[in-house]
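Reader: Please present the structure, and then let us discuss its sheets and the helices that pack on them.

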Amino acid sequence: MTDPTADYDVVVIGTGPGGEGAAMQAVKHGKSVAVIDRDPAVGGNCTHRGTIPSKALRYAIFQMTEVNNNVLFREHGITATFMIPDLRRRAKSVIEAQVKMRTAFYDRNDIPIIRGQGKFLDSHTIESVDQHGTRSIVRGKSVVIATGSRPFRPPEVDFSHPRVFDSDTILNLDLHVKSITIFGAGVIGCEYASMFRNLEIKVNLVNNRDRLLDFLDEEIVDALSYHLRERGVIIRHREEFDHIETVDDGVILQLKSGKRLKTDVLLWAAGRTGNSDGLGLEAIGITPDERGNIPVNEHLQTVVPHIYAAGDVIGPPALASAAYNQGRYAVSRLLCDIGSERDCGPAPSLDIPAGIYTSPEISALGKTERELTESKIPYEVGHAHFKSIARAQITGQTTGMLKLLFHRETMEILGIHCFGANACEIIHIGQAIMAQPQPMNTLMYFINTTFNYPTMAEAYRVAALNGYNRLF
């Protein structure tokens, strides 16, 4: 047992992006830090079950489809065919590299990693019990909870059945699958629909809303829906779950509309739950919401003043990129609270780009056309269709577009929406300009800037000129 009198300035629960950001921010400011994690290796859900393995799997599938779609390879009879277990080996190597790198961060900064499930004994004291029953107790002047989230599992769905999966367990799929039903058409559902269809697996994508990803710009969503349907994905909108029947050779999803969808496997991708259970929060006066999310104020502070929370456990936007900055900011604020105003770090930007790894990718930042219309803001649109961009023509990745929304009078960039190859990279050029003060954050930057040719970045100039011409 760790000496129960061992005190730290900051105790961080969780080693995902939010926990890592918090721990590193605290130690760099000269504070003593300990982290608690129930997993045997650092990195959290992002590294082991979510972002890293799913994106590594996606890229392996992309490479396979690139080989199979290559005309020269086809002429010589070269094709690539892999099962998911084969593709998963690539993901495993990436996970191992990430764990090694992130473990080194803690080692270099002399931050002890205490293994086990953390639980508050009081608002400063946390007990950790590992898988062998070994107890450790630490005390923290301040605490940051960054325990992440997990897939929501309704009790009426039998996840113990070998053909029923969620987004954590689908990566362990070893069956020879020819068809899949995905219930839930959010980010995770759409990403996996793209991946499985690229493996030539028949996909039913079931959505309980009117359209896919309704937080995105409608034109981008329409482009995604068209592309998925063109690839053969069956999208079913406005459907409600009734019950599931499991049989030896598949799963039958019964919908309230009367439809019965039988496929080899079912992926349940309808929401997530914050990992707040088991922390003993009720003993210190913190009450999570019905989805396990911990309420915080604008400074990521809970109702207990010296306890902060960051990352997926506080709910949306539930992005690894946002979680890291939230962890850093939470520590900046707690240092400010116990120190002086000069110790306060800047608040993380609320302009967080969305990155959705469908095939092709989607990324977006700022306002949508619907939001601007409802706010009665006079705006104009500039498009650059990738089929007209030389770099896209060279690479053969001509599906997609870049869309700029800007104020008609000031020409301030109000929104950037991208659908196509490398959209999640392309967005950051526009992000940098949107963050500038006027007049640097206007359409004129893209018009007057020289971009390398041929590049995908050139799409900004094309879209800017397209929009500028609409003003006259």
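Author: Contact here means heavy atoms within 4.5 Å. Helices (H or I, at least four residues) and strands (E, at least two) are DSSP runs, numbered from the N terminus. Axes are lines fitted to C-alpha atoms, for helices over the stretch in contact, and angles between N-to-C directions run from 0 to 180 degrees. This is a predicted model, in which local features need pLDDT of at least 70 and side-chain atom pairs count only at pLDDT 80 or more, while totals for chains, interfaces and linings use all residues. Residues are numbered from 1 along each chain as its sequence is written, and side-chain values use heavy atoms, with hydrogens and water left out.

Reader: At about what angle to strand 19 does helix 11 run?

Author: Strand 19 (361–366) belongs to an open antiparallel sheet with the order 18-19-22-21-20, where two strands pair if DSSP finds at least two bridges between them. Helix 11 (residues 423–434) lies across strands 18, 19 and 22. Its angle to strand 19 is about 15 degrees.

Reader: Which residue in strand 21 stands opposite histidine 383?

Author: Strand 20 (379–385) is an edge strand of that sheet, pairing on one side only. Strand 20 is joined to strand 21 (residues 400–407), running antiparallel, by 7 bridges. Opposite histidine 383 stands lysine 403.

Reader: Which residue of strand 11 is the bridge partner of asparagine 204?

Author: A parallel open sheet of 5 strands has the order 8-15-9-10-11. Within that sheet, strand 10 (residues 202–206) pairs with strand 11 over 3 bridges. The partner of asparagine 204 is isoleucine 234.
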